[in-house]
Amino acid sequence: MVDIPGLQIRRLQPSDASLFREIRLEALQLNPGAFGSTFEQENVHPVSWFEAALTRRDVFGAFLDGTLAGTAGYRAQEDPKHAHKAVLWGMYVRADVRNAGLGSKLVAAVLDHARGRVEMVQLTVVSENEAAHRLYRALGFVEYGYEKQAHKQNGRYYDEILMVKFLDEGAR
């Protein structure tokens, strides 16, 4: 991967809650079909709710020259029969810095975090989001399913592509 000057990727801390709230609400507002939640659901929550979320969840942030420019979340499955799997969720890169490699770096950070913890990382991507679909394929994710009408918002349906990346390819 190409080096990006001024880029720092790190796990967000509760002290980053106001920055996380701002970018999360932006993502939900600008790309309503891409996420399982909605702007209306999350906008009612104060910063303290996002602070609590960051204590319970692994969310990575891409900081470009000190500004939070993208996020990606990681959630391991907890029940014993599914504990070998995790989900990449909430992936978002601000429009003004897209196509600079931040998305690749964020996903790589999530995958690095997942290694040694789980065997595979799954995700869903809205079928219309060709750029994200391309990114995930380039990073080794493969399609394993397609869900028609996975989300419905404001009377509109969104289909999703289900993807997976096996972290220890040699063991398969």
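**Notebook: a walk through a predicted model**

I started at Gln-122. Leaving aside residues up to four places away in sequence, I found Gln-122 touching Lys-85, Ala-86, Val-87, Leu-88, Tyr-144, Met-163 and Val-164. Worth jotting down right away: this is a predicted model.

Where does Gln-122 lie? I looked it up, and Gln-122 is in strand S5, residues 120–126. Next I checked its accessibility. Gln-122 comes out at 15% relative accessibility, so I put it down as buried, the cut-off being under 20%.

**Strands S6 and S7**

Then I moved on to a hairpin. Strand S6 covers residues 142–153 and strand S7 covers residues 156–166. The two pair in the antiparallel sense, and I noted 8 bridges for them. Which residue in S7 stands opposite Gln-153? I found Arg-156 there. The hairpin has 2 residues between its strands. I looked at the backbone here too: Asn-154 takes a positive phi, near 50 degrees.

**Aromatic rings**

How many aromatic pairs does a search of the whole structure find? I got 3. One of the pairs I looked up is Trp-49 with Phe-50: the ring centres are 4.9 Å apart and the planes sit at 80 degrees, so I wrote it down as edge-to-face. I checked both partners for burial. Trp-49 is partly exposed, at 28% relative accessibility, while Phe-50 is buried, with a relative accessible area of 0%.

Another pair on my list is Tyr-136 with Phe-141, also edge-to-face, at 5.8 Å centre to centre with 65 degrees between the planes. Are these two buried or exposed? Tyr-136 is buried at a relative accessible area of 6%, and Phe-141 is buried at 2%.

I also asked which residues the ring pairs link into a cluster. My note says Phe-20, Trp-49 and Phe-50.

**Helix H4**

Last stop was helix H4, residues 102–114. I noted 13 residues and a reach of 18 Å from the first C-alpha to the last, close to the 18 Å expected at 1.5 Å a residue.

How many of the residues of H4 are buried? I read off 12 of the 13, so the helix is largely enclosed by the rest of the structure. Among the buried ones I listed Leu-102, Leu-106, Val-110 and His-113. Small residues turn up on that list as well, including Gly-103, Ala-108 and Ala-114.

What follows H4? I found Gly-116 there, with a positive phi near 85 degrees.

How values were computed: Residues are numbered from 1 along each chain as its sequence is written. This is a predicted model: local features need pLDDT of at least 70, side-chain atom pairs count only at pLDDT 80 or more; totals for chains, interfaces and linings use all residues. Side-chain values use heavy atoms; hydrogens and water are left out. Two strands pair if DSSP finds at least two bridges between them. Helices (H or I, at least four residues) and strands (E, at least two) are DSSP runs, numbered from the N terminus. Rings of Phe, Tyr and Trp (its six-membered ring) pair if their centres lie within 6.5 Å; planes under 30 degrees apart count as stacked, over 60 as edge-to-face and the rest as tilted. Buried means under 20% relative accessible area, exposed over 50%, partly exposed in between (1.4 Å probe, protein chains only). Contact means heavy atoms within 4.5 Å. The expected span of a helix is 1.5 Å times one less than its number of residues.
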